[in-house]
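Here is a friendly set of notes to read alongside the model. Please keep the viewer open and follow the points in order.

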Amino acid sequence: MTVTAMAAKLIDGKAIAEDIRKELKAEVEQLKAKYGKTPGLAVVLVGERKDSQTYVRNKKKACEEVGIVSYGTDLPETASEEEVLKVVADYNADPNVHGILVQLPLPKHIDEQRVLDAISIEKDVDGFHPLNIGALAMRGRDPLFVPCTPKGCLELLKRSGVQLSGKRAAVVGRSNIVGMPAALLLQREDATVTVIHSRTPDAQRICAEADIIIAACGKAEMVEGDWVKEGAAVIDVGINAVDDPSAKRGYRLVGDVNFAQAAERAECITPVPGGVGPMTIAMLLRNCVDGATRAFAAGH
Ligand SMILES: Nc1nc(=O)c2c([nH]1)NC[C@@H]1CN(c3ccc(C(=O)N[C@@H](CCC(=O)O)C(=O)O)cc3)C=[N+]21
């Protein structure tokens with residue numbers, strides 16, 4: 001095996017997310033001084049999934065750090081759809097709550113879209129409501145909230161000085177929560193966007209033409225070196241656990257990009273972990289502060 005030095009600049013999502021949290025902390029203090037009120041985020045967790053519990057704990061901790069008050073409702077795995085809808089309705093009506101996040105995935109017996117649709121669009125800090133997604137897709141319109149993960153991807157590109165206008169972008173994956181809104185955001189920045197998915201012939205060839213790649217297909221290391229054009233910017237959204245007997249926990253995390261291969265060709269690239277993940281949480285806090293700012297300005 002030949003060992004080649006990594007050519008790409010590393011995009012440090014952890015450090016950029018920390019910068020953003022500092023900015024938000026100052027904004028929250030200004031809001032308190034101006035209105036005498038504090039932004040609030042409500043997090044709804046249904047069931048006992050370990051990964052969801054960890055994410056929710058991290059979100060609440062991040063809120064605390066910037067001065068956002070967090071509210072939480074934990075329901076058992078067996079909770080009915082009506083019970084979840086009742087919790088959402090109560091937070092919709094609560095003037096201390098400016099953002100509502102229902103942790104996904106929900107248990108199978110609950111209609112996820114019905115619950116997301118019930119969140120007031122003024123408090124939809126995940127940006128998953130069809131009205132917010134619809135506005136994102138329209139020229140001349142601005143959604144109240146943009147989904148956190150794709151918003152974090154664009155923020156990483158902007159803060160790394162990557163030009164988007166007139167460039168070719170490839171988004172690998174077409175999920176409602178990442179791929180599709182990421183493609184819409186890139187298009188709004190005047191990039192020419194191709195969405196690659198499981199039925200795309202010649203995925204590698206198309207991806208290799210892109211100046212910007214956002215990989216969000218949920219398949220460990222699917223985007224290999226020859227998918228990456230020399231000098232491309234690569235944003236890796238994937239978080240996949242792969243068995244690794246030499247690791248402490250018996251597994252390690254890899255992205256949807258083969259990092260070592262891609263880093264030999266890319267101009268800049270995000271690591272996993274420490275790339276998009278921390279930005280997702282920073283953008284959630286950003287959205288929550290934006291929602292609170294709008295509510296306070298409207299006298300609520
Ligand atoms: N309604 C809803 N909104 C979400 O935004 C949402 C959700 N449901 N369900 C689950 C996914 C996943 N997600 C992540 C957030 C932070 C990291 C993160 O901070 N990752 C770190 C640590 C990774 C680790 O060590 O596990 C990193 O990449 O460096 C990852 C993933 C938000 N999600």
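1. Let us begin with helix H7, residues 179-188, in this predicted model. The helix is mostly covered, since eight of its 10 residues count as buried. Those buried residues are Gly179, Met180, Pro181, Ala182, Ala183, Leu184, Leu185 and Leu186.

2. What lies over the buried part of H7? The cover includes two helices, H5 (130-137) and H6 (148-159). It also includes three strands, namely E5 (168-172), E6 (192-196) and E7 (212-215). If you follow the chain just past H7, you will meet Asp190, whose phi is positive at about 70 degrees.

3. Next, please look at the ligand. There are 16 residues around the ligand, and those that come nearest are Leu104, Pro273, Gly274, Gly277 and Thr280. Two elements give two or more residues to this shell: strand E4 (99-102) and helix H10 (276-297). H10 provides the largest share, with four residues. Sorted by class, the shell holds 11 nonpolar residues, four polar ones and one charged one.

4. Where does the ligand sit relative to the domains? The domain assignment divides out domain 1 (36-122) and domain 2 (148-277). Both domain 1 and domain 2 contribute residues to the shell around the ligand, so the ligand lies between them. As for the spacing of the two domains, their C-alpha centres are 28 Å apart.

5. A useful residue to pick out is Lys123, which is found in the loop between helix H4 (112-118) and H5. Is Lys123 buried or exposed? Lys123 is buried, because 27 other C-beta atoms lie within 10 Å, and the cut-off for a buried residue is 20 or more. Setting aside neighbours within four places in sequence, the contacts of Lys123 are Asn92, Val97, His98, Gly99, Ile100 and Gly291. For a sense of distance, try Ile214: Lys123 and Ile214 are 91 residues apart along the chain, and their C-alpha atoms are separated by 27 Å.

6. Now step back to the whole chain, which has 10 helices and 11 strands. Its radius of gyration is 20 Å, close to the 19 Å that the globule rule gives for 300 residues, so the chain is as compact as a globular protein of that length. Along the principal axes, the C-alpha atoms fill a box of roughly 60 × 40 × 35 Å.

7. How much of the chain is buried? Buried residues make up 43% of the 300 residues. Contacts between distant parts of the sequence can be counted too: among contacts with a separation of 6 or more, 67% join residues 24 or more positions apart.

8. Finally, here is what the UniProt record says. An unreviewed entry annotates residues 11-126 as "domain: Tetrahydrofolate dehydrogenase/cyclohydrolase catalytic". In the model this span is 52% helix and 16% strand, with its end C-alpha atoms 24 Å apart. The unreviewed entry also carries the annotation "domain: Tetrahydrofolate dehydrogenase/cyclohydrolase NAD(P)-binding", covering residues 147-294. Over residues 147-294 the model has 34% helix and 19% strand, and the end C-alpha atoms lie 18 Å apart.

Notes
Residues are numbered from 1 along each chain as its sequence is written. This is a predicted model: local features need pLDDT of at least 70, side-chain atom pairs count only at pLDDT 80 or more; totals for chains, interfaces and linings use all residues. A residue is buried if 20 or more other C-beta atoms lie within 10 Å of its own, exposed if 12 or fewer, and partly exposed in between; C-beta atoms are placed from the backbone. Two residues are in contact if their C-beta atoms, placed from the backbone, lie within 7 Å. A residue is near a molecule or strand if its C-beta atom, placed from the backbone, lies within 6 Å of it. Ala, Val, Leu, Ile, Met, Phe, Trp, Tyr, Cys and Pro count as nonpolar, Asp, Glu, Lys and Arg as charged, and the others, Gly among them, as polar. Domain bounds come from an automatic or database domain assignment. The radius of gyration is taken over C-alpha atoms; the globule rule is 2.2 Å times the number of residues to the power 0.38. UniProt positions are given in the numbering used here, feature names are shortened, and annotations may be inferred rather than shown by experiment.
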